[in-house]
Amino acid sequence: MSNANPGMDADVFEQFLDQLRRYVRERLIPAEREIIETDEIPADILGEMREMGLFGLTMPEEYGGAGMNVSQYVRTIHALSYAMPAFRSIISINIGMFCSGLKNGGTAAQKAEWLPRVAAGEIAAFGLTEPGSGSDSAGLQTSAVKTGDGWVLNGTKRYITNAPFAKVALIMARTSKENLPKNAHVSAFIVPMDAPGVSVGKSDKKMGQSGSHIADIIMEDVRIPDDALLGGELGKGFVYAMMSLDNGRMSVGAAATAYARRALDSAIRYATERKAFGEPIANFQLIQQMLADSEIEIYAAETMMADVTRRADAGENVLRKAAAFKVFASEMCGRVVDRCVQVYGGAGYLAEYDAERFFRDARIYRIYEGTTQILQLQIAKHMLREFNAGLRD
């Protein structure tokens with residue numbers, strides 16, 4: 001198809017991926033204990049991640065990015081996500097929602113100003129969710145009111161990934177009091193986080209995912225210029241946000257698949273080392289069943305990942321398949337980390353072993369970028385729409 005994306009040179013990409021896998025095992029995994037204790041990624045590791053270009057994977061090359069296609073981007077996320085989730089989390093908004101919003105909807109001037117900065121590692125945030133609305137955009141309350149030379153923003157965004165570190169945020173705000181068809185009451189604005197009136201709440205305490213941070217972004221009479229409106233167009237904000245969700249769901253699916261593999265590797269290692277009744281517990285068939293079921297499910301998710309990313313790069317509409325991959329991979333990861341705890345037995349409940357944090361870390365994968373339930377509804381809606389259209393043909 002004419003809109004197929006060739007991405008990076010294949011040989012160069014494979015070399016990069018080998019380098020990243022080594023970096024994950026030799027540098028990132030050994031740093032995890034310190035990150036759990038301090039709840040932050042060390043500055044030197046962030047610097048290394050910037051030098052490796054991890055904040056610009058999806059940016060076009062002319063803006064300082066790597067210009068990866070979907071398959072390459074998702075395989076990179078998969079390689080990185082074998083380590084703890086904080087590493088994917090810190091780059092995810094730059095290369096996901098923010099980059100996609102700018103690429104799909106930004107003016108030439110907006111792209112030229114912001115894409116090189118986020119590709120170089122200035123951290124971005126994405127503000128859609130509010131205290132009273134998440135999946136439901138009709139409940140969105142943050143307002144943008146037109147003034148003579150720009151806009152005034154007021155409102156609070158909740159659970160915003162990387163809010164404490166961000167230099168810029170893409171904020172969804174209501175530019176019409178009425179709820180309009182196709183969410184045309186929501187527009188997108190590029191908001192520098194140092195703009196007067198912008199403040200960040202304290203970092204929320206979470207079930208898991210040490211080292212990654214979410215917090216409120218509070219806007220009180222924040223004045224921004226006319227050219228902060230993404231694309232210079234009213235009522236397109238939600239459309240631009242939704243355009244990036246397929247890639248975001250593939251990213252979460254890849255992360256869940258990789259973390260399931262990490263948990264299974266840990267369970268296998270423990271099962272061969274731990275002895276009961278005079279032999280390794282790996283010799284017991286019910287332990288082997290848990291290991292085998294995990295391998296089967298991970299293989300299925302890996303196969304889905306390869307298929308949906310190939311289709312995306314060929315220019316297919318992958319909305320339903322990206323949702324299906326995300327649902328399967330995130331639910332599968334939940335089952336695998338649960339089995340990992342079970343293989344560890346009593347030790348699986350103790351914080352000194354990895355199994356309990358794998359269990360806690362994985363729980364969010366079934367919630368963000370569309371809960372399992374929202375995505376099930378979306379998949380079914382598209383199936384029924386296609387069936388009904390077939391009846392009319």
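**Reading a cavity and its ring pairs**

Mentor: Start with the lining of the largest cavity: its residues divide into eight nonpolar, one polar and one charged. Keep in mind that the model is predicted.

Trainee: Which residues line the largest cavity?

Mentor: The lining is made up of Ala 263, Leu 264, Ala 267, Met 290, Leu 291, Ser 294, Val 336, Arg 339, Cys 340 and Val 343. Cys counts as nonpolar here.

Trainee: Which helices supply at least two residues each?

Mentor: Three helices do: H7, H8 (285-313) and H9. H9 gives the largest share, four residues.

Trainee: How much space lies in the largest cavity?

Mentor: About 40 Å³. The count of cavities of 30 Å³ or more comes to one.

Trainee: Now the rings. How many aromatic pairs does the count come to?

Mentor: Eight aromatic pairs. To read one, take the centre distance, then the angle between planes; over 60 degrees counts as edge-to-face. Trp 151 and Phe 189 have ring centres 5.2 Å apart and planes at 65 degrees, so this pair is edge-to-face.

Trainee: Where in the chain do Trp 151 and Phe 189 lie?

Mentor: Trp 151 is in strand E3 (residues 150-161) and Phe 189 in strand E5 (residues 186-192). The pair links distant parts of the chain, 38 residues apart.

Trainee: Are Trp 151 and Phe 189 buried or exposed?

Mentor: Both Trp 151 and Phe 189 are buried.

Trainee: What does a stacked pair look like?

Mentor: Planes under 30 degrees apart count as stacked. Tyr 270 and Tyr 344 fit: 4.1 Å centre to centre, with 15 degrees between the planes. Tyr 270 is in helix H7 (residues 245-273) and Tyr 344 in helix H9 (residues 319-344), so the pair ties together parts 74 residues apart in sequence.

Trainee: Why do Tyr 270 and Tyr 344 count as buried?

Mentor: Buried means under 20% relative accessible area. Tyr 270 has 13%, so it is buried. Tyr 344 is at 8%, so it counts as buried too.

Trainee: Which cluster do ring pairs link Tyr 270 into?

Mentor: A cluster with Tyr 344 and Tyr 353.

Trainee: Which charged ends sit over rings?

Mentor: For this, check the distance to the ring centre: it must be within 6 Å, and the charge within 35 degrees of the ring normal. The charged end of Arg 50 sits over the ring of Phe 55, 5.3 Å from its centre. The charged end of Lys 146 sits over the ring of Trp 151, 5.4 Å from its centre. You have met Trp 151 already, in the pair with Phe 189.

Note on methods:
Residues are numbered from 1 along each chain as its sequence is written. This is a predicted model: local features need pLDDT of at least 70, side-chain atom pairs count only at pLDDT 80 or more; totals for chains, interfaces and linings use all residues. Side-chain values use heavy atoms; hydrogens and water are left out. Rings of Phe, Tyr and Trp (its six-membered ring) pair if their centres lie within 6.5 Å; planes under 30 degrees apart count as stacked, over 60 as edge-to-face and the rest as tilted. Buried means under 20% relative accessible area, exposed over 50%, partly exposed in between (1.4 Å probe, protein chains only). On a 1 Å grid over the protein atoms alone, a cavity is a set of points where a 1.4 Å probe fits but cannot get out, and a pocket is an open set with protein on both sides within 12 Å along at least five of seven lines; lining residues have an atom within 4 Å of a point. Grid points are joined across faces, edges and corners, and a volume is the space filled by probe spheres set on the points.
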